[in-house]
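Thanks for coming, everyone. I would like to walk you through one model today, so please have a look at it first, and then I will take the metal site, the cores and one backbone detail in turn.

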Amino acid sequence: MSDDAHIIERLKAGDEKAFEALIDRHYAAMIRLAETFVSDESSAEELVQETWRVVIDKLDTFEGRSKLKTWIFGILANLARQRRRSDQREKPWSTIMEEPIEESAGHMTERFDAEGRWQAPPRALQLDPEDEAMKTQFLEHVQAAMDELPARQRAAVMLRDVQGLSSEETCEILDVSKANQRVLLHRGRAKIRETLEDAAVVPGEVRS
Amino acid sequence: MMSCEEFTDEVGEYIEGTLPFGERIQMWLHAFLCDHCKTYLQQMRDVADLMGELGERWREHPEEEAPEELKGDLLDSYREKVDGESTE
Ligand SMILES: [Zn+2]
């Protein structure tokens, strides 16, 4: 937080180097977030660009009650929702964002017997935390698995796990209930776990 | 005891710490007694950690940089905004 306060002070004082650094730090993450709201690359870039214009415009009103990046992500998400509302061809965001909670097990059911006991137990991921090369390969699988997630799960996983935001911050940015946010996050993580599990059982695939 | 399927259903809530006390105890007990579910729980935590690590790497080396043209445009707007305020 104090880090943010320092940056904000410099930004409000007109420090161009600080502004450039801010763009560099958040641009890629903003593109990733934008891609969960819009369907093509150029719309994502446009959305990010629009977000920066609002950030510049509102910089002097930022009060530091949230983290700077949370504030920026929030602006991006709001713009995306506004755009969706004005574009009648797209479904309203709320119907896209909500996930039926009762189906949370979904894809896992075939791994249990009728009594709910493991029929196909989880296989070891063989993740050695000391092995840097292996970890790098694991992270490649994680990233590939994340890229495959449905947009709303991807957004939840990215904000919570990759960006390290709180559940409150994530709910606010995505405009979903807490329960829904947890379902999105859990499903996203579960699918990534499965991808890693599948990758780990092929001998020689994880080790280079 | 709760079934393994129920355990995996609730594991997200368990990791989030949002379960009521009674259910939390049941989950803890199940993981204590069931190796498969213990493994599953650990793997879900590993996944969250790995994604955190991915975030760390992206913070150190961003995946992509803002196009120079966009940066230039934004810097102009920023300069205008700052100048506009100081002359008010
Ligand atoms: Zn079990």
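**The zinc site and the cores**

Along the chain, the donors of the zinc ion follow the spacing C-x25-H-x3-C-x2-C, where donors are N, O and S atoms within 2.8 Å of the metal, or 3.2 Å for Na, K and Ca, and where sites may look incomplete since water is not among the atoms. Before I go on, this is a predicted model, in which local features need pLDDT of at least 70 and side-chain atom pairs count only at pLDDT 80 or more, while totals for chains, interfaces and linings use all residues. Side-chain values use heavy atoms, with hydrogens and water left out, residues are numbered from 1 along each chain as its sequence is written, and chains are lettered from A and ligands numbered from 1 in the order in which they are written.

The atoms that coordinate the zinc ion are SG of Cys4(B), NE2 of His30(B), SG of Cys34(B) and SG of Cys37(B), at 2.0 to 2.4 Å. The angles among these four donor atoms are 98 to 117°, and the site is tetrahedral, a label that requires all angles to lie between 85 and 135 degrees. Cys4(B) sits in helix α1 (residues 4–16) of chain B and Cys34(B) in the loop between α2 (21–33) and α3 (35–60) of that chain, so the pair ties together parts that are 30 residues apart in sequence; helices here are DSSP runs (H or I, at least four residues), numbered from the N terminus. Cys4(B) is buried, at 10% relative accessibility, and Cys34(B) is buried at 11%, where buried means under 20% relative accessible area with a 1.4 Å probe and protein chains only.

Turning to the interior, the largest nonpolar core has 45 residues, and those with the most contacts inside it are Leu11(A), Phe19(A), Phe37(A) and Trp52(A); such a core is a set of buried Ala, Val, Leu, Ile, Met, Phe, Trp, Tyr and Cys residues joined through side-chain atoms within 4.5 Å. Its largest share, 10 residues, comes from α2(A).

Finally, what phi does Asp175(A) take, just after α8(A)? Asp175(A) has a positive phi of about 55° although it is not a glycine, and this residue lies in the loop between α8 and α9 (178–200) of chain A. Six of the eight residues of α8(A) are buried, so that helix is largely enclosed by the rest of the structure.

Note on methods
Tetrahedral: all angles 85-135°; square planar, octahedral: opposite > 155°, others 65-115°. Helix = DSSP H or I, 4+ residues; strand = E, 2+ residues; numbered from the N terminus. Buried < 20%, exposed > 50% of the residue type's maximum accessible area, 1.4 Å probe, protein only.
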